[in-house]
Amino acid sequence: MADILHRIAVKTEDINLVYNALATLDGLRGWWTEDTSGDPGKVEGIIAFRFAAGGFDMRVKQLNTSLVQWEVIAGEPQWIGSTINWQLKQADGYIVVLFKHEGWKEATEFMHHCSTKWAIFLMSLKDLIEKGNGAPNPHDVKIDEIN
């Protein structure tokens, strides 16, 4: 198995600002994709994330201010069954986000692409909290895919 791991520090002491960006539709629409629907605010809730090239459905597995966890239940075959974890902790005027997209069956070229895109969207999350505006899909930074 292979995992994508990232870390960002968001300049705020209010962990709820970051948590709400992960656990509400408005929050998710503000940094990841504007085409988000479902119920991100309850355990076992289903969230649908849509992009021009397709999308993903996630089931909320854990939900509290220190850990948000989703399981991918539909979408890209390489994602199905994987989990996405957002560990939040306070540290010296920041909220540190430890991000994990765990359970890839193998480290494919698509995984490399997704790692880059996760980094872009994590910076969008940071900008949403720190500056008031993220860059969700379709306004995100695009990277060329190698065919």
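Reader: Where does P138 lie?
Author: P138 lies in the segment after α3. Helices (H or I, at least four residues) and strands (E, at least two) are DSSP runs, numbered from the N terminus. This is a predicted model, in which local features need pLDDT of at least 70 and side-chain atom pairs count only at pLDDT 80 or more, while totals for chains, interfaces and linings use all residues. Residues are numbered from 1 along each chain as its sequence is written, and side-chain values use heavy atoms, leaving out hydrogens and water.

Reader: What kind of peptide bond joins N137 and P138?
Author: The bond between N137 and P138 is cis, with omega at about 15 degrees.

Reader: And D140, is that buried or exposed?
Author: D140 is buried, because its relative accessible area is 7%. Buried means under 20% relative accessible area, exposed over 50%, and partly exposed in between (1.4 Å probe, protein chains only). D140 also belongs to the segment after α3, a helix of residues 109-131.

Reader: Which side chains make polar contacts with D140?
Author: The side chain of K117 does so at 2.5 Å, and the side chain of K142 at 2.7 Å. A polar contact is a pair of N or O atoms within 3.5 Å; within protein, one must be able to donate a hydrogen and the other to accept it, and residues adjacent in sequence count only if both atoms are side-chain atoms.

Reader: Which residues does D140 touch, leaving aside those up to four places away in sequence?
Author: On that basis D140 touches K117, F121 and A135. Contact here means heavy atoms within 4.5 Å.

Reader: Changing topic: where is H101, and which side chain does it make a polar contact with?
Author: H101 is placed in strand β7, and its side chain makes a polar contact of 3.0 Å with that of W118. H101 counts as buried because its relative accessible area is 0%. Not counting residues up to four places away in sequence, H101 touches A2, D3, I4, W79, S82, T83, I84 and W118.

Reader: Which residues other than glycine have a positive phi?
Author: E44 is one of them, with phi near 80 degrees, and D92 is another, at about 50 degrees. E44 sits in the loop between β2 (35-38) and β3 (46-51), whereas D92 is in the loop between β6 (83-91) and β7 (94-104).

Reader: Why does D92 count as exposed?
Author: D92 counts as exposed because its relative accessibility is 77%. E44 has a relative accessible area of 43%, so it is partly exposed.

Reader: What caps the N-terminal end of α1?
Author: D14 is the cap, with a side-chain oxygen 3.0 Å from the backbone nitrogen of N16. Helix α1 covers residues 15-23, and its buried residues are I15, V18, Y19, A21, L22 and A23.

Reader: How many helices and strands are there in the protein chain?
Author: The protein chain has three helices and seven strands, in the order β-α-α-β-β-β-β-β-β-α along the sequence.

Reader: What radius of gyration does the protein chain have?
Author: The value is 14 Å, which agrees with the figure near 15 Å for a compact globule of 147 residues. The radius is taken over C-alpha atoms, and the globule rule is 2.2 Å times the number of residues to the power 0.38. Along the principal axes, the C-alpha atoms fill a box of roughly 40 × 30 × 30 Å. Of the 147 residues, 44% count as buried.
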